[in-house]
Protein chains: 2
Amino acid sequence: MVELVTTGSELLLGEIINENVRYLSQQLNQMGYSVVYQTTVGDNPARMESVLRTALARTDIVITTGGLGPTQGDMTKLVGAEVMEVPLVFREDVMQTVTSWIKLRHPERDLTGNQRRQAMIPEGAEVLENGAGTAPGTALYKGGKLLIHLPGPPAEMRWVFDYRVKPYLQRLFGSQGYIYSSYMKIYDMGEARIEDTIMDLVKEQSNPTIAMYARIGFVEVRITAKAADEQAAKALVLPMREKLCSRLPNVIVTYDDESVAAALGRVLLKKGLTVSGAESCTGGLVGSYITDIAGSSAYFLGSAGTYQDRVKVSVLGVSEETLRLYTAVSEETAAEMARGSRVLYHSDIAVSTTGIAGPDGGTAEKPAGLVYIGVDGPWGTTVHKNIFPGNRIEVKERAAMKAVFYVLRSICRNIRKEEPYGSEADGIGKCHEKN
Amino acid sequence: MVELVTTGSELLLGEIINENVRYLSQQLNQMGYSVVYQTTVGDNPARMESVLRTALARTDIVITTGGLGPTQGDMTKLVGAEVMEVPLVFREDVMQTVTSWIKLRHPERDLTGNQRRQAMIPEGAEVLENGAGTAPGTALYKGGKLLIHLPGPPAEMRWVFDYRVKPYLQRLFGSQGYIYSSYMKIYDMGEARIEDTIMDLVKEQSNPTIAMYARIGFVEVRITAKAADEQAAKALVLPMREKLCSRLPNVIVTYDDESVAAALGRVLLKKGLTVSGAESCTGGLVGSYITDIAGSSAYFLGSAGTYQDRVKVSVLGVSEETLRLYTAVSEETAAEMARGSRVLYHSDIAVSTTGIAGPDGGTAEKPAGLVYIGVDGPWGTTVHKNIFPGNRIEVKERAAMKAVFYVLRSICRNIRKEEPYGSEADGIGKCHEKN
């Protein structure tokens, strides 16, 4: 069990995102080490000492990042040595490495006396070379407890971890097995409903474990197993994924890193279909999501951003009467926008968005977050009404992601009825395997 | 002194970035509360209990995020109540709010029994309404210790914090002084050059302090002061900002949360100008960035996504000869796309993007990351060639952000020469105050 201790006042002030803790957590978990606590503390010796004492009492491996540099604020090694009850000793070889690193890159700089701090190493510790900067890491294993100090700058931290900590841990503890996770993203069923459906499986599992998270626009189910190696871990996970799938028939699912835009691309490619957009409140984000996928030029023609009424008329051919009778934010306008996009781009399927991203412009009847999403295809036009929560940018994101999803679902539902577009045998529109 | 406790195994696994802890740290510090520890723990009752006990022992205010939902994994309130030694009680009024929230948005969903968990509240706690989701927060002040539970989804967490926790803290503890930071974002000058220009100011300051960070597409300079109240803190920061500004003449700068899209919107509104787009490799992201700004419907007409050559011709009127002679990724095509967008939308200014987002499709002559950005206005057409680093999505982001910047700079540079669009007295195109 591992505790990560990140140091630095800029983290406590919320100035930067803690990328280091995420990277280390991912890497360690995959190597079979469980990260059970992550703690952040500032450049304050008393608090840092108490954090390190607590960490070493409740876990066996403590990894710190930050505070190895030359300045007064850099105190991690000092505090760490005190807690581990060893002195810091000056290492001439480390000093030479530090000196030549600086001289090579900044020949004009004077070597300041405080650079010596970087060559002070806890007695008995292994020096972990830093191939991306000056301050080396250290690893001290004493009394069954391992305390590792890593530099704070992310590129340096990653270098030391990848090239020095990984082999060091392998040497000290041997292989810790392998943790494999697979993710199912479920787009058209709520969290509570999914839990109802699979709760017995969630409860009875310990390896693999099953966990659920509500994301923006979908629910993620994570299946994680620990085993001796990758093969064995996968052999635990994949049958469970099958089992979950069989409980969720006719639900649109993507796996692992596959986004809904990627799944849509896969289906469009397979069917030889093209898609286009017509966007009002999303401003272009639907097109942007679709083109996040490499190779989307094979099926994506373009998306016409039409933010103002007059260009809905002139570019997409929405009728002025529709806008007058129903306004721009209506089922009718969404339908005409989708149809207009299909004509403009000569696409097989078109998707449209029109709504109120907010925060202003909403009414009791049409609140901020109300978005109509239209899908037009050879099988006709459908319009979906949604009220999305969140701020302006989140409403846009949710609407754009949902728009991509509706295109996928529309193909999945209609393709089954209508040859020449395909049949159920294609495995689209039900809980399906990435292929 | 505050400890933030974020819960959720997905954080320990490194699956997601901890955005909540950053937001809360920023907000609390600004309100004069010192965040001294940030701890993350998984969905494990024993460890969560020990973390909460430690936190309540070493700080007076503990704020948790996550684990308030309807599922078995949601245990924060349960553990919190145990540590504070109060029972959880079912609150009918909270249940009604939860029920009506779900019914309004998902009329088709059955209310599952586990939704009741969200209406269980620590006895004696204040219920903190959640205007962006179902699970309310709670605040329990007992024996000089304050334990606040907030929901985990970022939009919900921010809503509850902004509208319920802030006034609650003000009521309970009064004002705690004020930390004010102002940020200058500098778009057209490198970090080293800026540092050279302002280094003496950076060095001699202690309140306010000055710090610099290289971001994607700009350099950020932060000026921070602490004082008794907002007024006094601003009085320390603003003159320093003026001083820095006077060192950076004719540099495009935005302040604080203002994005370059917001600055563009401000300038367009002031000048009564409209803008439109024509996007190939960015897929719609330029339009999306522009419409991230509330009120953008006053000056943004739309952006024509034209991903394939034939729609560049049919929608934007790019000539087939240009495409044949120079290909789609060329200065000439970018120029014709921008001009075509200006005609299609009847806009005053239009911006276009065409390039190779990658990872495939690049050649030695035209590598992945190559993007031409055209700007067309009453003063003529300019095309900028850029080669952006990063993966496909980063190339799209950098290109779209740069496109918005070029529109702003184009207005700033041309407006000065040409009345009727304005004059230097408008303060555009030099280091300028938000107004």
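Here a trainee questions a mentor about a predicted model with chains A and B.

Trainee: How many helices and strands does the secondary structure of chain A come to?
Mentor: This is a predicted model. Both element types occur in chain A. The count is 14 helices and 17 strands.

Trainee: What radius of gyration does chain A have, against that of a compact globule of 435 residues?
Mentor: Start with the box. The C-alpha atoms of chain A fill roughly 80 × 50 × 40 Å along the principal axes. A compact globule of 435 residues would come near 22 Å, but chain A has 28 Å.

Trainee: What share of the residues in chain A is buried?
Mentor: Buried means under 20% relative accessible area. Chain A has 435 residues, and the buried share is 57%.

Trainee: Among contacts in chain A between residues at least 6 apart in sequence, what percentage joins residues at least 24 apart?
Mentor: Contact means heavy atoms within 4.5 Å. Take the pairs at least 6 apart in sequence, then ask which are at least 24 apart; the result is 68%.

Trainee: How far apart are the mean positions of the positive and negative charges of chain A?
Mentor: Chain A has 47 positive and 51 negative charges. Average the positions of each set. The two means are 2 Å apart.

Trainee: What area do chain A and chain B bury between them?
Mentor: The contact takes 79 residues from chain A and 79 residues from chain B. Carbon and sulfur atoms carry 50% of the buried area. The total is about 6,300 Å².

Trainee: Which residues in chain A lose the most area to chain B?
Mentor: Three stand out on that side. Together they give 9% of what the chain A side buries. They are Glu15(A), Gln38(A) and Tyr307(A).

Trainee: Is Ile17(B) buried or exposed?
Mentor: Ile17(B) sits in the loop between α1 (9–12) and α2 (19–30) of chain B. Beyond its neighbours within four places in sequence, Ile17(B) is in contact with Ile17(A), Asn18(A), Glu19(A), Arg22(A) and Leu11(B). The cut-off is under 20%. Ile17(B) has 19% relative accessibility, so the class is buried.

Trainee: Which residues does the cis peptide bond with omega near 0° join in chain A?
Mentor: Most peptide bonds are trans. Look in the loop between β15 (349–355) and β16 (370–377) of chain A, where Pro359(A) is found. The cis bond runs from Gly358(A) to Pro359(A).

Trainee: What is omega for the cis peptide bond between Asn207(B) and Pro208(B)?
Mentor: Pro208(B) lies in the loop between α7 (191–204) and β10 (209–214) of chain B. Asn207(B) precedes the proline across this cis bond, and omega is about 10°.

Trainee: What is phi of Thr327(A)?
Mentor: Most residues other than glycine have a negative phi. Thr327(A) is found in the loop between α12 (320–326) and α13 (331–345) of chain A. Thr327(A) is partly exposed, at 36% relative accessible area. Its phi is positive, near 70°.

Trainee: Is Glu85(B) buried or exposed?
Mentor: Glu85(B) is in the loop between α4 (76–83) and β4 (88–90) of chain B. Its phi is also positive, near 60°. Exposed means over 50%. Glu85(B) has 63% relative accessibility, so the class is exposed.

Trainee: What distance separates the C-alpha atoms of Pro154(B) and Tyr23(B)?
Mentor: Pro154(B) belongs to helix α6 (residues 154–173) of chain B. Pro154(B) is partly exposed, at 35%. Along the chain, Pro154(B) and Tyr23(B) are 131 residues apart. Their C-alpha separation is 9.0 Å.

Technical notes: Residues are numbered from 1 along each chain as its sequence is written. Chains are lettered from A and ligands numbered from 1 in the order in which they are written. This is a predicted model: local features need pLDDT of at least 70, side-chain atom pairs count only at pLDDT 80 or more; totals for chains, interfaces and linings use all residues. Side-chain values use heavy atoms; hydrogens and water are left out. Helices (H or I, at least four residues) and strands (E, at least two) are DSSP runs, numbered from the N terminus. The radius of gyration is taken over C-alpha atoms; the globule rule is 2.2 Å times the number of residues to the power 0.38. Buried means under 20% relative accessible area, exposed over 50%, partly exposed in between (1.4 Å probe, protein chains only). Lys and Arg count as positive and Asp and Glu as negative; His and the chain ends are not counted. The place of a charge is taken as NZ of Lys, CZ of Arg, CG of Asp or CD of Glu. Buried area is the accessible area (1.4 Å probe) that two parts lose on being put together, summed over both.
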